[in-house]
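The following exercises invite the reader to examine a structure step by step. Each task is followed by a worked solution.

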Amino acid sequence: STGAITLSTTDTPISGSSTKYSAALAGTINYSGNVSITNNDYTAEQLSNINTGTTGTLSLTHTGVALSGTSSQLAAGFAGDVTLHTGTIAITNADYTLTELIAINNGSTGAITFTTTNTAIEGTSTQLAQALANSNNYAGQVTITNADYTADQLKTINNGTGGSIVLQQTGAALSDTSSDLAAALAGSITTH
């Protein structure tokens, strides 16, 4: 059916294959139960379908599965209450957003690689540090819009990109150890 599916009992827990439950929860359904995925070969698309199809928790028996997909699939797959993922992640699209990168980084501790490495992103230092925390090969330009960035945030951002860092506000007072300040201001960055 392409129509909406209405369940009388909406919160019965389910456990099993991501293939099965990805198909079962695709489309419009009023399911709110907890889902446990037991297989070790789930995909980004399947996690996205399952997570979108329930308001309950999503438990992953195997957290180290390598995932590859678009940033929108991965962000949707990690939204809400999901077991922390630990496997590597490959982002295949070029139009990833800051919000999606934050969601992906918050949902996984695995190294993130980009097929398109140079898409520019812009935001506050807090957002950018979250978005680039697990970045492995990102090389795009990063623009920091706020004036109250910290040395720790700049260090994380510097570690997360091989591209240039633009400070829209250059006069923020910074205080940290000499090694952390050196790391914070390393690379191609607007003169502070």
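**Exercise 1. Helices α3 and α4**

The crossing of α3 and α4 is left-handed. Task: determine which residues make the contact between α3 and α4, and which classes they belong to.

Solution. The model under study is predicted. Begin with the residues in contact: α3 contributes Ser71, Ser72, Leu74, Ala75 and Phe78, while α4 contributes Glu100, Ala103, Ile104 and Gly107. Sorted by class, the contact of α3 with α4 comprises five nonpolar, three polar and one charged residues. Next, consider the geometry. The axis of α3, residues 71-78, and that of α4, residues 98-107, come within 8 Å and cross at roughly 50°. An angle under 35 degrees would count as roughly parallel, and one from 65 to 115 as roughly perpendicular; α3 is therefore oblique to α4.

**Exercise 2. Helices α2 and α3**

Task: describe how α2 and α3 pack, stating at what angle and at what distance between their axes.

Solution. The two helices, α2 and α3, pack at an angle of about 45°, and their axes are 7 Å apart. It follows that α2 and α3 are oblique to each other. The handedness of the crossing of α2 and α3 is left-handed. On the α2 side, the contact is made by Ala44, Glu45, Leu47, Ser48, Asn51 and Thr52; on the α3 side, by Gln73, Leu74, Ala76, Gly77 and Phe78. By class, the contact of α2 with α3 has five nonpolar, five polar and one charged residues.

**Exercise 3. The buried face of α3**

Task: identify the buried residues of α3 and establish how they are placed around its axis.

Solution. First, list the residues of α3 that are buried, that is, under 20% relative accessible area: Ser71, Leu74, Ala75, Gly77 and Phe78. Second, look down the axis of α3: the buried residues fall within an arc of 160°, so they line one face of the helix. Third, find their partners. The buried residues of α3 pack against the helices α2 (44-52) and α4, and against the strands β3 (58-60), β4 (67-69) and β5 (89-91). Finally, note what comes after the helix: α3 is followed by Gly80, which has a positive phi, near 75°.

**Exercise 4. Leu132 and helix α6**

Task: decide whether Leu132 is buried or exposed, and name the residues with which Leu132 is in contact beyond its sequence neighbours.

Solution. Locate Leu132 in the loop between α5 (125-131) and β8 (142-144). Since its relative accessible area is 1%, Leu132 is buried. With neighbours within four places in sequence left aside, its contacts are Asn105, Ile121, Tyr138, Val142, Ile157 and Gly160. Two of these, Ile157 and Gly160, are among the buried residues of α6 (residues 151-160), which also include Ala151, Gln153, Leu154 and Asn158. The buried residues of α6 pack against α5, β8, β9 (165-167) and α7 (178-184). From C-alpha to C-alpha, Leu132 lies 7.4 Å from Thr161, although 29 residues separate the pair in sequence.

**Exercise 5. The chain as a whole**

Task: state how many helices and strands the chain has, and what share of its residues count as buried.

Solution. The chain has seven helices and nine strands. Among its 192 residues, 41% count as buried. Along the principal axes, the C-alpha atoms fill a box of roughly 60 × 30 × 25 Å. Of the contacts with a separation of 6 or more, 41% join residues 24 or more positions apart.

Key: Residues are numbered from 1 along each chain as its sequence is written. This is a predicted model: local features need pLDDT of at least 70, side-chain atom pairs count only at pLDDT 80 or more; totals for chains, interfaces and linings use all residues. Side-chain values use heavy atoms; hydrogens and water are left out. Axes are lines fitted to C-alpha atoms, for helices over the stretch in contact, and angles run from 0 to 180 degrees between N-to-C directions. Helices (H or I, at least four residues) and strands (E, at least two) are DSSP runs, numbered from the N terminus. Angles under 35 degrees count as roughly parallel, over 145 as roughly antiparallel, 65 to 115 as roughly perpendicular and the rest as oblique. A crossing is left-handed if the near helix is turned anticlockwise from the far one by less than a right angle, and right-handed if clockwise. Contact means heavy atoms within 4.5 Å. Ala, Val, Leu, Ile, Met, Phe, Trp, Tyr, Cys and Pro count as nonpolar, Asp, Glu, Lys and Arg as charged, and the others, Gly among them, as polar. Buried means under 20% relative accessible area, exposed over 50%, partly exposed in between (1.4 Å probe, protein chains only). The arc is that of the directions from the helix axis to the C-beta atoms.
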